[in-house]
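Colleague: Could you take a close look at the largest nonpolar core for me? I'd like to know which residues have the most contacts inside it.

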Amino acid sequence: MLRNAEAVGLSGLDDAGLATADLSALTAEAELSLIKLLATFPRTLEAAADALEPHRLVFFAQDLAAAFHALWNLGKDDATLRFIVEDDKALTRSRLALLRATALTISNCLDIIGVDALDEM
């Protein structure tokens, strides 16, 4: 996805560049739901550790992947919800920051439970 964004002229798509994205551009219900779910990760991690229940992280990662997939599918039906919007670079950068945050969180879940994540399928 980041390679596709670079192909349409976006730069600064590394983690430092995406950290400066204006997330206030994310207003779709599915985007906000994903952000809210991401925000629960620290609490979920703490609860899993306190209760010695690592499976909570597996369920969280599944829920997060499902929420991301739902958002991704919305872009198939509505072009305004696609991650890369060629004529709105700020919105594209915001959505790519959300994509990267989701990927990092899922990767962290997998790392904690000892599963190696694939870069590509």
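Modeller: Buried residues, meaning those under 20% relative accessible area with a 1.4 Å probe, make up 31% of the 121 residues in the chain. Keep in mind that this is a predicted model, where local features need pLDDT of at least 70 and side-chain atom pairs count only at pLDDT 80 or more, while totals for chains, interfaces and linings use all residues. Residues are numbered from 1 along each chain as its sequence is written, and side-chain values use heavy atoms, with hydrogens and water left out.

The chain has six helices and zero strands, taken as DSSP runs (H or I, at least four residues, for helices; E, at least two, for strands) and numbered from the N terminus.

Now to your core. A nonpolar core here is a set of buried Ala, Val, Leu, Ile, Met, Phe, Trp, Tyr and Cys residues joined through side-chain atoms within 4.5 Å. The largest one has 17 residues, and Leu 34, Leu 98 and Cys 109 are those with the most contacts inside it. At least two of its residues come from each of H3 (29-39), H4 (41-50), H5 (55-77) and H6 (89-113). H5 gives the largest share, six residues.

Zooming in on Leu 98, and leaving out residues up to four places away in sequence, you'll find it touching Leu 26, Glu 31, Leu 34, Ile 35, Leu 38 and Leu 71; contact means heavy atoms within 4.5 Å. Apart from the largest core there's another, of five residues, including Leu 13, Leu 18, Ala 21 and Leu 96.

Conventions. Buried means under 20% relative accessible area, exposed over 50%, partly exposed in between (1.4 Å probe, protein chains only).
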